[in-house]
Amino acid sequence: MSLEKYQQKRRFQGTPEPPAEDGRAKRKPSSLIFVVQKHRATQLHYDFRLEWNGVLLSWAVPKGPSLDPAVKRLAMQVEDHPVEYATFEGVIPAGEYGGGTVMVWDKGTWEPEQPDPDEAFKKGDLKFTLRGKKLTGSWVLVRTRGFGGSSGRSSWLLIKHRDRYASRKDIAQQEPFSIVTGRSLEQIARAEGGDVEKAATGDPVLMEKREKAGRRPAKSSRRSP
Ligand code: MN
């Protein structure tokens, strides 16, 4: 695990994303963080990241996570990211790597369910528990064959395990806002000088209509009264 690829792919004078120059986080974490960043780049996808060995192991999930155990979501493994990346919400300028709007869609902590997570990751069968606001309970990432050989990326499936947090609720559609700021992709793009029209295509259709009718989406309800 290394941040070399992360560093090589980006020009840090051109993007507000955090550089990897500090290397791995030196703290010995008492809990491991996870984050899901909704990213309206060339294609809309959800970047699913788990802190491990001082970096964020990362997968791009085109359709986003599903709470339904019957639904397997393709997750392409991408380069490790610095731990500091977990708080990044904003705009990567057009023309830069991953250019587009980024939202912190969910975040929290995670815990491996296997005694040797390094071995589980290597084998391509990583079981874990999430404690986020939108994603909770038991999940698995399973590496699949085929796909991605030439691009150097491996394809995995992200699957919810059956437990009391499993549900048929379409979480990506029904809870589309930033877990940190309550903003839609369109609002992030507007506030931070991004491509507003393009960002809006990553927001649910119903919401676009609501916004055009002059109403703003509800702010995050996580403030104290
Ligand atoms: Mn991405």
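**Ser58, the manganese site and the packing around them**

With a relative accessibility of 0%, Ser58 counts as buried. The model is a predicted one, and in it Ser58 sits in strand E3, which covers residues 55-61. The Ser58 side chain is not without a polar partner: a polar contact of 2.9 Å links it to the side chain of Arg49. Setting aside neighbours within four places in sequence, the contacts of Ser58 are Phe48, Arg49, Met76, Gln77, Val78, Glu79 and His81. Two of those names turn up again further on: Phe48 belongs to an aromatic cluster, and Glu79 belongs to a salt-bridge network.

Next comes the metal. The manganese ion takes its protein donors from His39 (through ND1), His45 (through NE2) and Asp47 (through OD), at 2.1 to 2.3 Å. Written along the sequence, the spacing of these donor residues is H-x5-H-x1-D. As for accessibility, His39 and Asp47 are both buried.

Then there is the greasy part. In soluble globular proteins, nonpolar side chains tend to be buried together. Here the largest nonpolar core has 45 residues, and the members touching the most other members are Phe48, Leu50, Trp59, Phe128, Leu130, Leu135 and Leu141. Leu50 gives a feel for what that looks like. Beyond its neighbours within four places in sequence, Leu50 is in contact with Ile33, Phe34, Val55, Leu56, Leu57, Trp59, Trp110, Leu126, Phe128, Leu130 and Leu141.

Aromatic rings run through this region as well. Aromatic pairs number twelve in the model. One of them joins Phe34 and Phe48, whose ring centres are 6.4 Å apart with planes at 35 degrees, so the pair is tilted. Phe34 comes from strand E1 (residues 32-40) and Phe48 from strand E2 (residues 44-52), so this pair ties together parts that lie 14 residues apart in sequence. Phe34 counts as buried because its relative accessibility is 1%, and Phe48 is buried too, at 1%. Both rings belong to one aromatic cluster made up of Phe34, Phe48, Trp52, Trp59, Trp110, Phe121, Phe128 and Trp156. Among the cluster members, Phe48, Trp59 and Phe128 also appear in the list of core residues that touch the most other members.

Finally, the charges. The model has 13 salt bridges. In one of them, the side chains of Lys127 and Asp125 meet at 3.1 Å, N to O. Lys127 is partly exposed at 26% relative accessibility, and Asp125 is partly exposed as well, with a relative accessible area of 29%. Another salt bridge pairs Glu175 with Lys169, and the closest N and O atoms there are 2.5 Å apart. Again both partners are partly exposed, Glu175 with a relative accessible area of 26% and Lys169 with one of 32%.

Glu186 and Arg190 form a salt bridge within a helix. Their closest N and O atoms are 3.1 Å apart, and both residues lie in helix H4 (residues 185-191), separated by four residues or about one turn of the helix. Glu186 has a relative accessible area of 12%, so Glu186 is buried. Salt bridges also link Arg10, Glu17 and Glu79 into a network. That leads back to the starting point, since Glu79 is among the residues in contact with Ser58.

Terms used. Residues are numbered from 1 along each chain as its sequence is written. This is a predicted model: local features need pLDDT of at least 70, side-chain atom pairs count only at pLDDT 80 or more; totals for chains, interfaces and linings use all residues. Side-chain values use heavy atoms; hydrogens and water are left out. Donors are N, O and S atoms within 2.8 Å of the metal (3.2 Å for Na, K and Ca); water is not among the atoms, so sites may look incomplete. Buried means under 20% relative accessible area, exposed over 50%, partly exposed in between (1.4 Å probe, protein chains only). A nonpolar core is a set of buried Ala, Val, Leu, Ile, Met, Phe, Trp, Tyr and Cys residues joined through side-chain atoms within 4.5 Å. Contact means heavy atoms within 4.5 Å. Helices (H or I, at least four residues) and strands (E, at least two) are DSSP runs, numbered from the N terminus. A polar contact is a pair of N or O atoms within 3.5 Å; within protein, one must be able to donate a hydrogen and the other to accept it, and residues adjacent in sequence count only if both atoms are side-chain atoms. Rings of Phe, Tyr and Trp (its six-membered ring) pair if their centres lie within 6.5 Å; planes under 30 degrees apart count as stacked, over 60 as edge-to-face and the rest as tilted. A salt bridge is a side-chain nitrogen of Lys or Arg within 4 Å of a carboxyl oxygen of Asp or Glu.
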